[in-house]
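Visitor: Please choose one part of this protein and take me through it closely, residue by residue where that helps. Once that is clear, I would like to follow the chain outward and see how the surroundings are built.

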Amino acid sequence: MGRPLLSTGCLVSVLASLPPEQTSTSDVDSYRRLVQAALVDESIFGIFKILPAYRFVLEHVWPSLGDEYLQVTKSMSPSVLEPDFLEDLRRQNDVGSPEVWDFGWPVGPLSPTMLRYVKVASDVELLLGSLASKHA
C-alpha cells in the first residue's frame, strides 16, 4: 500500500530535537510559513496538503495505517461509518489536494489521515455516546 513518510525513529528524533519552547511539530517555521502562504495564495492553497512542510505535521498517515484505523473503527463502532458522514469526509479530498487512496466499501477514496480522524470520532462516541445529534 505504501511506505510511511516518516519512520517512528525519525519522528522521535525530530520531536526530541525541537527547542523547549516548541510544544508540537506545528511550531516549526516551515509549517507556519506554508500556512500563511496558503492563506493568501490560491495556487499554494490548492496543493498545501501534499507539500512536505504540511505533510510532516498533519498528512503523514500512510495507507496501511489508515486501513488499520478503518478496521478498528469497523469492529468497535461501525455506526460512525454512516454514508452521509463518509460523503462529507470525501469532500475534504477537494481541499489542498491530499494524497487519496481507495479504501473500498463503505469508505471509497479518502486521505488516510481522514481515517485517523474517523477513528478519533469513534473513540469519542464510545466515551460520550452517539454524536448524531451533536453535529451541525
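**A close look at helix α6 and its surroundings**

Guide: E87, with a relative accessibility of 38%, falls between the cut-offs of 20% for buried and 50% for exposed, and so it counts as partly exposed. Please keep in mind throughout that this is a predicted model. The side chain of E87 forms a salt bridge with R90, and the closest N and O atoms of the pair are 3.0 Å apart. Both partners belong to helix α6, where E87 and R90 are three residues apart, or about one turn of the helix. The spacing has a simple background: an α-helix has 3.6 residues a turn, so residues three or four places apart point the same way.

A second pair in this helix has the same spacing, since R91 and D88 also both lie in α6 and are three residues apart, again about one turn. Their side chains meet in a salt bridge with an N to O distance of 2.3 Å. Neither partner is buried: D88 is partly exposed at a relative accessible area of 38%, and R91 is partly exposed as well, at 48%. By the distance rule applied here, the protein has five salt bridges in total, and the two in α6 are among them.

Following the chain onward from α6, one enters the loop that leads to β1, and P98 lies in this loop. With a relative accessibility of 10%, P98 is under the 20% cut-off and therefore counts as buried. If its neighbours within four places in sequence are set aside, the residues in contact with P98 are K49, I50, E59, Q92, N93 and S111. P98 can also be placed relative to M114, which is 16 residues away in sequence, while the two C-alpha atoms are 9.9 Å apart in space.

The same loop also holds E99, and this residue takes part in a salt bridge of another kind, in which the side chains of R55 and E99 meet at 3.1 Å, N to O. Because R55 lies in helix α4 and E99 in the loop between α6 and β1, the pair ties together parts that are 44 residues apart in sequence. Its two ends differ in their surroundings, for R55 counts as buried at 13% relative accessibility, whereas E99 is partly exposed with a relative accessible area of 34%.

Helix α4 (52–57) leads in turn to α2, since α4 and α3 (42–45) are included in what covers the buried residues of α2. Those buried residues are Y31, L34 and A38. They cover an arc of only 60 degrees around the axis, which puts them on the same side of α2. The face turned away from that side carries the exposed residues D29, R33, Q36, L39 and V40. Helix α2 itself, residues 29–40, has twelve residues and reaches 17 Å from its first C-alpha to its last, close to the 16 Å expected.

Returning to α6 from its other side, one meets helix α7, whose buried residues pack against α6 (83–91) as well as α5 (63–76), β1 (101–102) and β2 (109–110). The buried residues of α7 are P112, T113, M114, L115, R116, V118, K119, A121, S122 and E125, so named because each has under 20% relative accessible area. The helix has 17 residues and reaches 25 Å between its first and last C-alpha, close to an expected 24 Å.

V120 also belongs to α7, residues 112–128, but at 43% relative accessibility V120 counts as partly exposed. Together with V124, L127 and L128, V120 forms a nonpolar patch on the surface, and the four have about 400 Å² of accessible area together. Just after α7, G129 takes a positive phi of about 95 degrees.

To set all this in the whole, the protein has seven helices and two strands, running from the N terminus as α-α-α-α-α-α-β-β-α. Of its 136 residues, 35% are buried. Among the contacts between residues at least 6 apart in sequence, 56% join residues at least 24 apart. The protein exposes about 8300 Å², of which carbon and sulfur atoms supply 61%.

Note on methods:
Residues numbered from 1 in each chain as written. Predicted model: local features only at pLDDT ≥ 70, side-chain atom pairs only at ≥ 80, totals over all residues. Heavy atoms only, no water. Patch = residues over 30% accessible without salt bridge, like charges linked within 9 Å, V, L, I, M, F, W, Y side chains within 5 Å. Areas by Shrake-Rupley, 256 points an atom, 1.4 Å probe, with all protein chains shown as cover. Helix = DSSP H or I, 4+ residues; strand = E, 2+ residues; numbered from the N terminus. Buried < 20%, exposed > 50% of the residue type's maximum accessible area, 1.4 Å probe, protein only. Expected span 1.5 Å × (residues − 1). Contact = heavy atoms within 4.5 Å. Arc of directions from axis to C-beta.
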